[in-house]
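User: I'm trying to learn how people justify the words they use for protein structures. Can we go through one together?

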Amino acid sequence: MVFTHQLSLVPVPAAAVVHEGRMPITATTRVHGSSPAADVLTAAAARRGAPPLTSVDASAHTPAPGDIVLRIDADAAASEGYRLSVGTHVEIIGADEAGLFYGVQTLLQLLREDDEGWSLPYVEIDDAPRFTHRGVMLDVARHFFDVAEVKRFIDATSALKFNRLHLHLTDDQGWRVHIDSWPLLTERSSATSAGGDPGGFYTKDDYREIVSHAASRHMVLIPEIDLPGHTHAVGVAYPELVEAPVLNDALVAQSETLGQPLPVAGETYLGWGVGHSSVRIREERTYDFVRDVVRELAEMTPGPYLHIGGDESLGTSQEDFDHFAERATQIVVDAGKIPVAWHEMGAADGIAEGTIGQYWGMKVPTGSHAAEAAHFVERGGALIMSAADATYLDMKYDDEFPLGLTWAAVIDVRTAYEWEPTAVLDVPGAAILGTEAPLWSETTRTIDDVELLVFPRAAAQAEIAWSPQHGEGREWSSFRERLGALAPLWKAEGTRFHPVADIPWSDR
């Protein structure tokens, strides 16, 4: 007998058939396969409290009833995809190691305990991602998060099949990665965070450890050095590189409302205001700096991308901004990486061909945002969609929520779920690489704060990025039910989440 009811999976798979019955998971269950995904499975099942799983060499053992087999077959699915079947035993076939890892994450969501013990439903799943870019961003500049905390963030988000981690490493409040050729960046500009909280930075070994851990979870790390604005911290370390702060009425009013200090040249900035800083765009020394930073980051970053910012340069003339955008994107290309930039850099006629734009405007574009974003496509690049009023994980869930901001929107879970990345801009669908959900850290002083804002809304963004747009179950009424089933997994992993009232959270 085949059941038509929905599986409690997020993201919802491309295709699934559920059959009557369940396969028990017991102390005799063995995991066949030498993939690192086997270790991920056995460790996660143990944290859930399931019977201990034993790993065995697939070549030396024939699967017995109740066993779990992991293997790779490039013909099984599209890249990052997998096939999963549960019958007399479990078989997960990944198109590649990433697909096997994602198949394991699906299996862990299927694994449940009831009055008869731990078991899996009889099921057949064929699954692969909609978008190649399924990203999350963590701002470690406004508030710093150490290596262990970033790893925790990687583990929790990769379990939802995100495959890109964008680290916002620099901003007005701090510089967070060591650069050998410019050592004062971390010596003078890393000690504090927004509001005067403690800061910190990553040594090169720290950074490589984060890169390695991300790779083990099939996440490509995208480092961001925000330029030419958001560079007050650069001026604290090297005053000759940065212009005096440009104050405007909005910045002054915001600082007064929040009780925060205004930026002062050469002094650590503890406020949140934006748009007041810029490197000295017409000084050749500035490009020596950019070239050195890009080179050292590129040497440590095996992924193909390097993000150079480009947002909110409010005190910079358009002519100077365009000049900088053209030179900086070419410097990234010369270092062997693909430049990524916030959509404002699309205003520059001569940005390097192939530069990727990250659109952070609204679902209904305002001003010149749509034209700026489209220019990346015209120059042979593509777009990452981060519509601020849908994807920004640092926005409040409601007006009373103690963390987060509201400048883009108040974003409840349904708002985070009900948007379509290809419907925002008038560009070919093939120009959309995928989506990214940013977490800016003005109000998040701890990793627990981060997780409360990220989860459960990251699950909504994960489904948008992974699942077919018009697939079965890809609607709010189904998603809210399936989302509630993630609670036992998040609790077992120690992941904090906001238990939104209109979600039916499961207790096991």
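**Two helices, then a barrel**

Analyst: Let's start with a pair of helices in this predicted model. Helix α3 (residues 147-158) and helix α5 (residues 204-216) pack at an angle of about 15°, and their axes are 10 Å apart.

User: What makes α3 roughly parallel to α5?

Analyst: Set the angle against the cut-off: angles under 35 degrees count as roughly parallel. The angle here is about 15°, so α3 is roughly parallel to α5. Their crossing is right-handed, too.

User: Which residues of α3 and α5 make the contact?

Analyst: On the α3 side you'll find Val147, Val150, Lys151, Ile154 and Asp155. From α5 come Asp206, Glu209, Ile210, His213 and Ala214.

User: Now the strands. Why is β11 called largely enclosed by the rest of the structure?

Analyst: Buried means under 20% relative accessible area. Five of the five residues of β11 (residues 164-168) are buried, so the strand is largely enclosed by the rest of the structure.

User: Which way do the residues of β11 point?

Analyst: Arg164, His166 and His168 point one way, while Leu165 and Leu167 point the other way. That fits a general pattern: in a regular strand, side chains alternate between the two faces of the sheet.

User: How do you know that β10 and β11 pair?

Analyst: Two strands pair if there are at least two bridges between them. Strand β10 (residues 133-139) and β11 are joined by five bridges, and they run parallel, so by that rule they pair. For example, leucine 138 has leucine 167 of β11 as its bridge partner, and methionine 137 has histidine 166. To get from β10 to β11, the chain goes through α3, and this β-α-β crossover is right-handed.

User: What about β11 and β14?

Analyst: Here again, five bridges join β11 to strand β14 (residues 220-227), and the two run parallel. Histidine 166 has isoleucine 222 of β14 as its bridge partner.

User: What do β10, β11 and β14 belong to?

Analyst: They're part of a closed barrel of eight strands with parallel pairing, running β10-β11-β14-β15-β16-β17-β18-β19. Neighbouring strands of this sheet are turned by 30° against each other on average, direction ignored.

User: Where does helix α14 lie?

Analyst: Helix α14 (residues 457-466) lies across β10 and β19 (432-439), and runs at about 175° to β19. Angles over 145 degrees count as roughly antiparallel, so that's the term for α14 and β19.

Conventions
Residues are numbered from 1 along each chain as its sequence is written. This is a predicted model: local features need pLDDT of at least 70, side-chain atom pairs count only at pLDDT 80 or more; totals for chains, interfaces and linings use all residues. Side-chain values use heavy atoms; hydrogens and water are left out. Buried means under 20% relative accessible area, exposed over 50%, partly exposed in between (1.4 Å probe, protein chains only). Helices (H or I, at least four residues) and strands (E, at least two) are DSSP runs, numbered from the N terminus. A crossover is right-handed if, with the strands pointing away from the viewer, the path from the first strand over the helix to the second runs clockwise. Axes are lines fitted to C-alpha atoms, for helices over the stretch in contact, and angles run from 0 to 180 degrees between N-to-C directions. Angles under 35 degrees count as roughly parallel, over 145 as roughly antiparallel, 65 to 115 as roughly perpendicular and the rest as oblique. A crossing is left-handed if the near helix is turned anticlockwise from the far one by less than a right angle, and right-handed if clockwise. Contact means heavy atoms within 4.5 Å.
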